[in-house]
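Good morning, everyone. Please bring up the model on your screens. I'll walk you through it piece by piece.

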Amino acid sequence: MTPHKNSSFTRRTLGWFLAAALCLGLALPSTAQAAAMPASVESPAPTRGETAIERAMKAVVAISPQDEAARKQNGDSEAAGGSGFVIDASGLILTNAHVVAKLDTVEVTFSNGKRYKGKVIGRDGRTDLALVKIEAEGPLPVLKFAKSSKLPLGAKIFALGNPMGNRFSVTSGIISGYDRAYDVAWPVNFIQHDAALNPGNSGGPLITEEGEVIGINTATPPETIFDIGIGLAIPAELAARIAPKLLADGKVVRGRLGVTASSADAGMAEALGAPGKSGLIVDAVSKGGAAERAGLKIGDLLLSVEGRRLEVVRDLSMALIDTRPGERVKVQVIRDGKPVELAVALESDDDTAGERGKVAALSMDLGGDAQGGFVLGFEFKTGPTGKVLVGKVEEASIGQMYGLYEGDELLAVDGVAMRDPAAAMAAITGSKRDVSVLRIQRAGQGTLHVALPLSAEAAKARRPGVPRRFPRGPL
């Protein structure tokens, strides 16, 4: 066996041991890079008279690029500063992937002023977690994961980190809620709390009064980057599953279906012949991918994966978060109004870039015209090759607000293929439903589905479509 293979085997073995220790809330094993250290390495004993918060702060670190050149090379302002904490006495540090961004090395600083060069040994952009390794003179203080991230609502918690350049600060608050979402695709059910978070807190621990970690502080709502009393933390249970994989392999390789999809509520589902249902509508199927091989088609309504219901895009990401390439999953769909079950052998989702699209909200005015009528504000036309294209789309019209662009090719209305502009418009305006689903082809983005409300009342009850100005990756 070559030295390279032996090193990989050692990292994998230690990764599995690490997983068991994390799940039990114990001190973590030494890594392959510190294999010469005794297996029973422990963090230094606590100083007598210290509070739990003071002990915990000894394991918190400030993370920053090593120098200005590295910061410029990285080209990511968020990597200008962040937080992390030691999870293994030999020098293993957990933080956010966006804190280390594209850097290979970082500077790690402890509250006692000691500085170390840290090597980024693994990152997972999908969950925004990363591992950094430092070589210290001896065992380091360690923060342990709590056995459960589910404290009662209102339980007191503390956020430790380095906000706004104010190093080694602590803020306090309570648990406000669980299972919170940040954006449409990030597959994490966040812990919500009201301890103040600001830029620089990213990657720092959210701890209990006993000093145990229940979460990794990561974000505030998309509307603001500063504290507004709503902080979001990655649950410790998820971090405990991801960290061993990063230690063993440097990344997390999951399975994916090989589709892009959009949320389809009950109104959209009914328009597609599935009344009383909701799920995800397949916008595109990767050529030669897992979904295509299993028989999934554009326009299918995805209901569940392995019995897990799908209602928004992130549900699919979460359903696949612990899967592996080649794993077979059962997918329930509605096709042409009829239920279909498919077995999909997942393809590889090697997501190491850590890039996520940010969703922007839209405002709208749905007052209608002066006579109280409802104006869609777009037209169809015949293209040069006989295709049905979206023509002029009026500014601030229903068509524009719900996602139509001039030049979009119309493929189908409510699942029925369209080859004539007049017939397409008649199918929409003559519908008795509240919503009409338009399947379109857009240059550079592939197949999309636009849910178009057909009355002012329906439009007011629905959120406008989000303009697709960010990259969408297959799921």
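One term before we start. A residue counts as exposed when its relative accessible area is over 50%, as buried when it is under 20%, and as partly exposed in between. Keep in mind that this is a predicted model.

Let's try the term out. Is Arg115 buried or exposed? Its relative accessibility is 51%, and because the cut-off is 50%, Arg115 counts as exposed. Arg115 also has a partner: its side chain meets that of Glu107 in a salt bridge, 2.8 Å from N to O.

Now the strands. Find the closed barrel of 6 strands, in the order E1-E2-E3-E6-E5-E4. The pairing is antiparallel. On average, neighbouring strands here are turned by 40° against each other, ignoring direction.

Let's go around some of the pairs. Strand E1 covers residues 60–64, and strand E4 covers 105–110. They pair antiparallel, over 4 bridges. Within that pair, Ala62 has Thr109 in E4 as its bridge partner.

Next, E4 and E5. These two run antiparallel and are joined by 5 bridges. For example, Val108 has Tyr116 in E5 as its bridge partner. How many residues lie between E4 and E5 in their hairpin? There are 4, and Gly113 in the turn has a positive phi of about 95°.

Stay with Tyr116 for a moment. Its ring pairs with the ring of Phe110. A general point helps here. We describe a pair of aromatic rings by the distance of the centres and the angle of the planes. For Phe110 and Tyr116, the centres are 5.8 Å apart and the planes stand at 85°, so the pair is edge-to-face. Both Phe110 and Tyr116 are buried.

Over to E2 and E3. Strand E2 is residues 82–88, strand E3 is residues 92–95, and 3 bridges join them, antiparallel. Look for Phe85, which stands opposite Leu94 in E3. Another general point: in a regular strand, side chains alternate between the two faces of the sheet.

Phe85 brings us back to rings. The structure holds 3 aromatic pairs. Why is the pair of Phe85 and Phe145 called edge-to-face? Their planes are at 75°, and over 60 counts as edge-to-face, so the name fits. The ring centres are 6.3 Å apart. Phe85 sits in strand E2, while Phe145 is in the loop between E6 and strand E7, so the pair ties together parts 60 residues apart in sequence. Phe85 is buried, at 0% relative accessible area. Phe145 is buried too, at 4%.

One more ring, with a charge this time. The charged end of Lys150 sits over the ring of Tyr178, 5.0 Å from its centre.

Now the second barrel on my list. Here 6 strands close up in the order E7-E8-E9-E12-E11-E10, again with antiparallel pairing. The twist averages 45° from one strand to the next. Take E11, residues 213–219, and E12, residues 231–235. They are antiparallel, with 4 bridges between them. Ile216 has Ile234 in E12 as its bridge partner. Helix H5 packs on this sheet, touching E11 and E12, and its direction makes about 45° with that of E12.

Stay on helix H5, because Lys245 lies there. Which residue forms a salt bridge with Lys245? Asp322 does, with the closest N and O atoms 3.8 Å apart. Asp322 is in the loop between helix H8 and strand E18, and the two residues are 77 apart along the chain. Both ends are partly exposed: Asp322 has 37% relative accessibility, and Lys245 has 25%.

Last stop: more salt bridges. The structure holds 14 of them. In one, the side chains of Asp349 and Arg256 meet at 3.6 Å, N to O. Asp349 lies in strand E20 and Arg256 in strand E13, so this pair ties together parts 93 residues apart in sequence. Asp349 is at 5% relative accessibility, and because that is under 20%, Asp349 counts as buried. These two residues also belong to a network of salt bridges that links Arg126, Arg256, Glu347 and Asp349.

That's the tour. Questions, please.

How values were computed. Residues numbered from 1 in each chain as written. Predicted model: local features only at pLDDT ≥ 70, side-chain atom pairs only at ≥ 80, totals over all residues. Heavy atoms only, no water. Pairing = 2+ DSSP bridges. Axes fitted to C-alpha atoms, helices over the stretch in contact; angles between N-to-C directions. Salt bridge = Lys/Arg side-chain N within 4 Å of Asp/Glu carboxyl O. Buried < 20%, exposed > 50% of the residue type's maximum accessible area, 1.4 Å probe, protein only. Phe/Tyr/Trp six-rings, centres within 6.5 Å; stacked < 30°, edge-to-face > 60°. Lys NZ or Arg CZ within 6 Å of the ring centre and 35° of its normal. Contact = heavy atoms within 4.5 Å.
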